[in-house]
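Trainee: Please examine the salt bridges of this structure closely, with attention to the elements that they connect.

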Amino acid sequence: MTRAQLDKKPVDVASMFDTVAEKYDVTNDVLSLGQDRLWRRAVVKAVDAKPGERILDIAAGTGTSSEPWADREIQVVPADFSLGMLRVGNRRRPDMAFTAADAMSLPFADASFDVVTMSFGLRNVADAGTALREFLRVTKPGGRLLVCEFSQPVNKAFRTVYSNYLMRALPSVARRTSSNPDSYVYLAESIREWPPQGELARTIEQAGWTQVGWTNLTGGVVALHHATKR
């Protein structure tokens, strides 16, 4: 299997990420023109974690998104369903508690975390609503959700340019940097087909979250959706 289809069968998507794990972080840095570092810093700022809080970082991959909290000695559990990603992350940061987990069926008790965060992973889940309800289940009352995901640029002209980059330039660049460039065709399609900000906000609300809102980054290329549990 070289390319997961848009029906997003978990075993296919996990297998795809296994094949790109070794060069995943480098490839993302190149493809995003370095913007991914800014987006991840924005996530850390938006979460605003306090000492003593416990964070679930789902779809953490190699743990890049979890490192800022671990470096501040805030308890974070980097979780992912790609064992290849987890192996790479564990070799690099054996001090972090990497955990195999499916977003739609989390291996954690109810009300286990103060914060659940997911960066660039929700669009790869077969059923986002099911995952969001699982996130709610493992979050403590009053706890927080932060979803960082590719979205729809708000400027129409820029949106057209961006779409062309996704479908033409991105796979071409990936062929030079990724161990499985065909997988980036899937990733480009998954970004293009992902719903706009308001639609995702409604999905989050329907899953039971309250105080749902979002902040656009890079003109809406990425959006941070935030919510709380009653």
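Mentor: Arg93 is a suitable place to begin; its relative accessibility is 14%, so this residue counts as buried (buried means under 20% relative accessible area, exposed over 50%, and partly exposed in between, with a 1.4 Å probe and protein chains only). The model is predicted: local features need pLDDT of at least 70 and side-chain atom pairs pLDDT 80 or more, whereas totals for chains, interfaces and linings use all residues. Residues are numbered from 1 along each chain as its sequence is written, and side-chain values use heavy atoms, without hydrogens or water.

The structure contains 11 salt bridges, each a side-chain nitrogen of Lys or Arg within 4 Å of a carboxyl oxygen of Asp or Glu. One of them pairs Arg93 with Glu67, with 3.3 Å between the closest N and O atoms. Arg93 belongs to the loop between helix H5 (83-92) and strand E3 (99-100), and Glu67 to helix H4 (residues 67-71), so this bridge ties together parts 26 residues apart in sequence. Helices (H or I, at least four residues) and strands (E, at least two) are DSSP runs, numbered from the N terminus. Both Arg93 and Glu67 are buried.

Arg93 also forms a salt bridge with Asp71, at 3.1 Å from N to O. This pair, too, links distant parts of the chain, the loop between H5 and E3 and helix H4, at a separation of 22 residues. Asp71, however, is exposed, its relative accessible area being 52%.

Elsewhere, Glu149 and Arg123 form a salt bridge whose closest N and O atoms are 2.7 Å apart. Since Glu149 is in strand E5 (residues 139-150) and Arg123 in the loop between strand E4 (113-119) and helix H6 (128-138), the pair joins parts 26 residues apart in sequence. Glu149 is buried, with a relative accessible area of 1%, and Arg123 is buried at 4% relative accessibility. Returning to Arg93, shared partners join this residue, Glu67, Asp71, Arg92 and Asp95 into one network of salt bridges.

Helix H6 deserves attention as well. Eight of its 11 residues are buried, among them Ala131, Leu132, Phe135 and Val138. The buried residues of H6 pack against strand E1 (54-58), E4, E5 and helix H9 (197-206), contact meaning heavy atoms within 4.5 Å. At the start of H6, the backbone nitrogen of Gly129 has a side-chain oxygen of Asp127 within 3.1 Å.

Conventions: A polar contact is a pair of N or O atoms within 3.5 Å; within protein, one must be able to donate a hydrogen and the other to accept it, and residues adjacent in sequence count only if both atoms are side-chain atoms.
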